[in-house]
Amino acid sequence: IQGSKGNYNLVQRKDRRNSGIHHTPFDLTEHMCELAIAKSNYAKSKTSEFLAVDIAHGAGAFTLQMARKISQLKNIDIHTVLTEYILGFDIDNEVLEVASFCFHIEAKFPMNPLSYNLFKLNSLEGHKSRKSIRNKISKMVDTEISKVVVIGNPPYVEVKLDDFQEHDFDTLKCRNLSAYFLEQALGILPKHGVISQVVPISLIHSKRMISVRELMTSKSKSIHVESFDCVPGYMFDQGK
């Protein structure tokens, strides 16, 4: 948003676009959250323990949507869901501050500040960041009985191999952040967890993405893919 003298306009910042940063539309986050909850069988579960994790959190489009769904589904106060059922990581501390403010709005501006589980972290530092994320998850829930969903819309941007060589990714040759984020998600997910993630369609058919497809099939009980036709607009330009 840019503005002056009371006039405001929505603008697309090229620097954020080039970094693969997109604000996910409401209908897409809603669909993905509902699908993830269904795949986790949380509605039928006797336990109320649940954790939604976003390792490229941004302003919280997915976690806010998930918090609303869980609050309605299990009749749990939104304050409780936001503080105990949501875990987020992002490399940008400023955007996490925006997310905290969005959470505060969703909680209807409580007088006493709430503490949210949002942490500054580079989620793509290989085993190091996976260990940090797993530690945070285990402190919040019992991974043996809880329903854990890793959800989000991480950047999908082509990168240079040399920039990620040290992190020893199995999907290194994909040369795309989307593959690395998906590998990280698979690496932190408990045994019975669910991943619901936006990926480029090239992940399904590109030769370069063979290693991430092999990783997915080796670590997943089931894989569900949906392709969205964005004509006449573009999904992330709100042109639908």
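This is a guided tour of a predicted model, moving from the whole chain to selected residues.

**The whole chain**

Begin with the protein chain in cartoon representation. Its secondary structure comprises nine helices and seven strands. Of its 240 residues, 43% count as buried. Switch to a surface view: the accessible surface comes to about 13,800 Å², and carbon and sulfur atoms contribute 50% of that area. Among contacts with a separation of 6 or more, 71% join residues 24 or more positions apart.

**Salt bridges between helices**

Next, show the charged side chains. The model has five salt bridges. Select Glu 30 and Lys 69, whose side chains form one of them, at 3.2 Å from N to O. Glu 30 belongs to helix α2 (residues 26-40) and Lys 69 to helix α3 (residues 61-74), so this pair ties together parts that are 39 residues apart in sequence. The partners differ in burial class: Glu 30 counts as partly exposed because its relative accessibility is 26%, whereas Lys 69, with a relative accessible area of 14%, is buried.

Now select Arg 68 and Glu 106. Their side chains meet in a salt bridge with an N to O distance of 3.1 Å. Arg 68 lies in helix α3 and Glu 106 in helix α5, so the bridge ties together parts 38 residues apart in sequence. Arg 68 is partly exposed at 24% relative accessibility, and Glu 106 is partly exposed at 21%.

**A salt bridge between loops**

Move to Glu 158 and Arg 208. They form a salt bridge in which the closest N and O atoms are 3.3 Å apart. Glu 158 sits in the loop between β6 (147-152) and α7 (177-188), while Arg 208 sits in the loop between α8 (202-205) and α9, so the pair ties together parts that are 50 residues apart in sequence. Glu 158 counts as exposed, with 57% relative accessibility. Arg 208, at 30%, counts as partly exposed. Before leaving the salt bridges, add Glu 34 to the selection: salt bridges with shared partners join Glu 30, Glu 34 and Lys 69 into one network.

**Arg 130**

Select Arg 130, in helix α6 (residues 126-140). Which side chain of opposite charge is nearest to this buried residue? It is that of Glu 183, 4.4 Å away, and Arg 130 has no salt bridge. The cut-off for a salt bridge is 4 Å, which means that a separation beyond that limit is not counted. A polar contact is present instead with another residue: the side chain of Arg 130 meets the side chain of Gln 184 at 2.4 Å. Display the surroundings as well; beyond four places in sequence, Arg 130 touches Phe 169, Glu 183, Gln 184, Gly 187 and Ile 188.

**Asn 117**

Continue to Asn 117, in the loop between α5 (93-106) and β5 (118-120). Is this residue buried or exposed? Asn 117 counts as buried because its relative accessibility is 18%, and the limit for that class is under 20%. A polar atom of the Asn 117 side chain lies 2.8 Å from the backbone oxygen of Thr 83. Thr 83 also appears among the residues in contact with Asn 117 when neighbours within four places in sequence are set aside; the others are Ile 86, Leu 87, Gly 88 and Met 140.

**Val 141**

Select Val 141, in the loop between α6 and β6. With a relative accessible area of 8%, Val 141 is buried. Measure from its C-alpha to that of Glu 49: the two are 7.0 Å apart in space and 92 residues apart in sequence. Excluding residues up to four places away in sequence, Val 141 touches Glu 49, Phe 50, Leu 51, Ser 146 and Val 148.

**A nonpolar surface patch**

Finish on the surface by selecting Ile 201, Ile 204, Ile 223 and Val 225. These residues make a nonpolar patch of about 340 Å². Within the patch, centre the view on Ile 223, which lies in the segment after α9 (210-219). Ile 223 counts as partly exposed because its relative accessibility is 42%.

Technical notes: Residues numbered from 1 in each chain as written. Predicted model: local features only at pLDDT ≥ 70, side-chain atom pairs only at ≥ 80, totals over all residues. Heavy atoms only, no water. Patch = residues over 30% accessible without salt bridge, like charges linked within 9 Å, V, L, I, M, F, W, Y side chains within 5 Å. Areas by Shrake-Rupley, 256 points an atom, 1.4 Å probe, with all protein chains shown as cover. Helix = DSSP H or I, 4+ residues; strand = E, 2+ residues; numbered from the N terminus. Buried < 20%, exposed > 50% of the residue type's maximum accessible area, 1.4 Å probe, protein only. Lys, Arg positive; Asp, Glu negative; His and termini not counted. Polar contact = N/O pair within 3.5 Å; in protein donor to acceptor, adjacent residues only side chain to side chain. Contact = heavy atoms within 4.5 Å.
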